[in-house]
Structures are given as structure tokens and as C-alpha cells.
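Got the model open in your viewer? Let's take a walk through it, one selection at a time.

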Amino acid sequence: MDSAEQEAFEATIAADSTIEPRDWMPEEYRRTLIRQIAQHAHSEIIGMQPEGNWIGRAPTLARKAILLAKVQDEAGHGLYLYAAAETLGVSRDDLERRLLDGRQKYSSIFNYPTLTWADVGAIGWLVDGAAIVNQVPLCRCSYGPYARAMIRICKEESFHQRQGFDILYTLTRGTDEQRAMAQDAVDRWWYPSLAMFGPPDAISTHTERSMAWRIKRFSNDHLRQKFVDMIVPQAEVLGVRLPDPALRFNAKTGHWEFTPPDYDELFAVISGRGPANRQRLTHRRTAYEEGAWVREAAVAYAAKAAARAASQSSGTAGPPRAPAVPDEVA
Ligand code: 3HC
């Protein structure tokens, strides 16, 4: 690195412009982005499991189709994010291995079980709601490929939040049993959703550095507060009670006061001791092993296609054509 490169990097950040893959960047900036983007990608992929659990049991055909589309969206988000991380010089395969052997994390929230259909509503409303509050500022993150991936992801996340709200809205206008089921789901998902925003600012390892680099635009506590302020009026519309007796509007600050989540529980879940950690990773490892033949076939097909293209450009016959494969498989 020479000082001109460092200066150019700092000037780009100060001008609120984006750093692109070809630009020089400090190694620590690159490492921070790889860590955050990979953790984010892993969260999207692991996050397919708790909701996927209800695809076969959704109460109507329409609900099933919507849930299928939503879970598919999460897979797409994971892929955009792995692609963004690859521009930083890591391979997707390497990132996947880091997830599977526990070197990289994924969001704490997906280590909680989905016990009833109302949990699908609570995840959409609260978890996707928290994701939107956390992720909209990432559309202005200083690293171009991550910021651009986030624009599309956020559009889809707002559809996800509406579908969750709609499920709970329907249940709270249903029978006593359905209302109780909705309330029970909100009771269980409220504090884990607050914890998604990460540890409090005072003990957050990366916030200060990441904000100086404009990777993060706001601190964990700032976004957690914004989420609570957004959710309280929505809970009133739904007719559900948020499980916090200390919840109170402070007219002076213009914000809702609330009880913070149990951060010891957050750290326990992050370090692998949540209710569903083992199940989530075991499922992912099995999927990875069972998908080995697909990866091998894709690599073999790509090698054949490259050899054929090379032989065509050099005028030799090359290897015989593989049987026709639809474009989307290739
Ligand atoms: N779950 C798991 N790990 C968490 C966490 C959480 N909820 N919150 C913080 N951590 C980890 C951090 O990764 C960091 O670990 P490390 O130093 O060992 O790598 C440590 O705890 C300290 O936390 P910091 O506050 O210092 O970490 P960050 O500055 O990275 O902030 C973050 C944490 C706010 C989650 C930030 O990384 C972020 O905004 N990430 C992008 C968004 C994201 O990954 N969201 C995950 C959910 S995706 C989703 O919800 C999908 C949707 O479809 C529902």
C-alpha cells in the first residue's frame, strides 16, 4: 500500500461514494466485509429451514404458494450475497465450509423453533421487520456490490413483512384459539427479534470501526430503538400485546422505552447453545453432502463446455457434444 492509495480510499469513503472490487482497500476493511456479508448470506440460507418446516402444512393453497415464494426468495438473497462476497476474493465453496465447520456465524434468530403456523406470521412480521430496519441502511453501505445486492433484497423483504403481518391479522380476527396462537407466537419471537440487532453498542466489537468505514450506517442500539418505535403501533393494529410490561412512550424523547433482550441468551445462542443450533447445522451439512453430485456434475459440464468453446475457436473438432441440457441447468 502507498499513501496515495490509502488517501484515495479515505476520500471515497468521505465523499459517500462506493468502493468497488478493483479499488485498493485496507485488508481489515476487506476482512470485515467478508465476515459480515458471509454471515448475512449464511443467515439467509439457514433461515430457509424454520419456515420451510411449514410449507407442507400451510393452511391453504394460497398460503402455501406465498410461503414457497418467500423461502425461495431467501435462497436468492443468499446467492446475491455470496456473489457479493466473492468479489472480495473468497470463493463461495470456502465460505460454505467456514459455515459448516463453525468458523463463521449466522443470525441467532434462526436457532429458535417454529412450533405453530402463527410462528410463520411472527417471523414475517417481527423477524423480517427487524431485517428491514437493519438492512435498508446497508443499501448505502460503502462497498458497492453489497449495497447493490441489498437494494433488491430489501424490496423483497418488505413483501415478506407484509405476508407475516397478513397471517397474524387473519389469525387475530379468527377464533379465540387462533388469537391465542398468534399471541403465543408474538410472546416467543419478541425478545429474539430484539436480540437480532446484536449486542449493545457499549460492548459491540465492530460497530465503531464499521461505522467509520460506512459499512454500518447506524449502531445496533439505534436500529433496535427504531424497530421498537415501528412495531408498537403495528401491534395495536394487529391487536396483539408485546410481552414487555415496561413498554412506555416517552413524550420527551419521542421514543418507546422497552426492556432490552437477555444478552447472555444472545451470546449463548451465537456460540452454538440455542434451542435449534444443532438441528440447523446438521440439516445444512447433510444438504451439502447430498448435493456433492450436483456440484461435481456442474463442474464437469462447465469443463466440457469450455473445452468445446476452445476447440471451436481453434478450429479442431474437440470432444463430442454433451446431450442437450436446458439453459437453467447449465
Ligand atoms: N446473530 C449472530 N451473531 C451476531 C449477532 C446475531 N444476531 N449479532 C452480533 N453477532 C456477532 C457479530 O457477528 C460479531 O461476531 P464476531 O466478531 O465473532 O464475528 C459479534 O457478535 C459482535 O457483534 P458486533 O455488533 O460487533 O458485530 P457487527 O458490527 O457485525 O453487527 C450485525 C452485527 C448488526 C448483525 C451486522 O453484522 C449486520 O448488520 N449484518 C448484516 C445483516 C445480517 O447479517 N442480518 C442477519 C439476519 S438475515 C435475515 O434476517 C434474513 C431475513 O430473510 C429474515
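Start by selecting asparagine 250, which lies in strand 1, residues 248-250. (Helices, H or I runs of at least four residues, and strands, E runs of at least two, are DSSP runs numbered from the N terminus.) Asparagine 250 is buried, with a relative accessible area of 18%. Here, buried means under 20% relative accessible area, exposed means over 50%, and partly exposed is in between, using a 1.4 Å probe and protein chains only. Now show the side chain of asparagine 250: it reaches the backbone nitrogen of threonine 253 at 3.2 Å. That is a polar contact, meaning a pair of N or O atoms within 3.5 Å; within protein, one must be able to donate a hydrogen and the other to accept it, and residues adjacent in sequence count only if both atoms are side-chain atoms.

A quick word before moving on. This is a predicted model, where local features need pLDDT of at least 70 and side-chain atom pairs count only at pLDDT 80 or more, while totals for chains, interfaces and linings use all residues. Residues are numbered from 1 along each chain as its sequence is written, and side-chain values use heavy atoms, with hydrogens and water left out.

**Zoom out**

Switch to a cartoon of the protein chain and you'll find 13 helices and 2 strands. The C-alpha trace spans about 75 × 55 × 30 Å along its principal axes. Of the chain's 330 residues, 46% count as buried.

**The ligand**

Next, click on the ligand. The space it takes is the largest pocket. (On a 1 Å grid over the protein atoms alone, a pocket is an open set of points with protein on both sides within 12 Å along at least five of seven lines, whereas a cavity is a set of points where a 1.4 Å probe fits but cannot get out; lining residues have an atom within 4 Å of a point. A molecule sits in one of these if more than half of its atoms lie within 2 Å of its grid points.)

Which residues come nearest to the ligand? Of the 32 around it, those are Gln39, Glu74, Lys105, His206 and Lys216. To be near, a residue needs a heavy atom within 4 Å of the molecule. The shell divides into 11 nonpolar, 14 polar and 7 charged residues. (Ala, Val, Leu, Ile, Met, Phe, Trp, Tyr, Cys and Pro count as nonpolar, Asp, Glu, Lys and Arg as charged, and the others, Gly among them, as polar.)

Color helix 2 (27-46), helix 6 (117-135) and helix 7 (144-172), since each supplies at least two residues of that shell. Helix 2 gives the most, with 6 residues.

Now select residues 204, 205 and 206 together with the ligand. A polar side-chain atom of histidine 206 lies 2.5 Å from a ligand oxygen. In serine 204, an N or O atom of the side chain is 2.8 Å from an oxygen atom of the ligand. With threonine 205, a polar backbone atom is the partner, 2.9 Å from a ligand oxygen. On its own the ligand has 1,000 Å² of accessible area, and the protein covers 91% of that. (Accessible areas come from the Shrake-Rupley method with a 1.4 Å probe; for residues, only the protein chains shown count as cover.)

**Along helix 8**

Select glutamate 177 in helix 8, residues 176-195. Is glutamate 177 buried or exposed? It counts as exposed, at 69% relative accessibility. Alanine 185 lies in helix 8 too, but alanine 185 is buried, with a relative accessible area of 0%. Add valine 120 to your selection: alanine 185 and valine 120 are 65 residues apart in sequence and 8.7 Å apart in space, C-alpha to C-alpha.

**Into the loops**

Go on to alanine 202, in the loop between helix 8 and helix 9. Alanine 202 is exposed, with a relative accessible area of 78%.

Then try arginine 214, in the loop between helix 9 (207-212) and helix 10 (220-238). Arginine 214 has a positive phi of about 60 degrees although it is not a glycine. At a relative accessible area of 26%, arginine 214 is partly exposed.

**Last stop**

Finish at glutamine 49, found in helix 3, residues 48-52. Glutamine 49 is buried, with a relative accessible area of 14%. A polar atom of its side chain lies 3.0 Å from the backbone oxygen of arginine 280.
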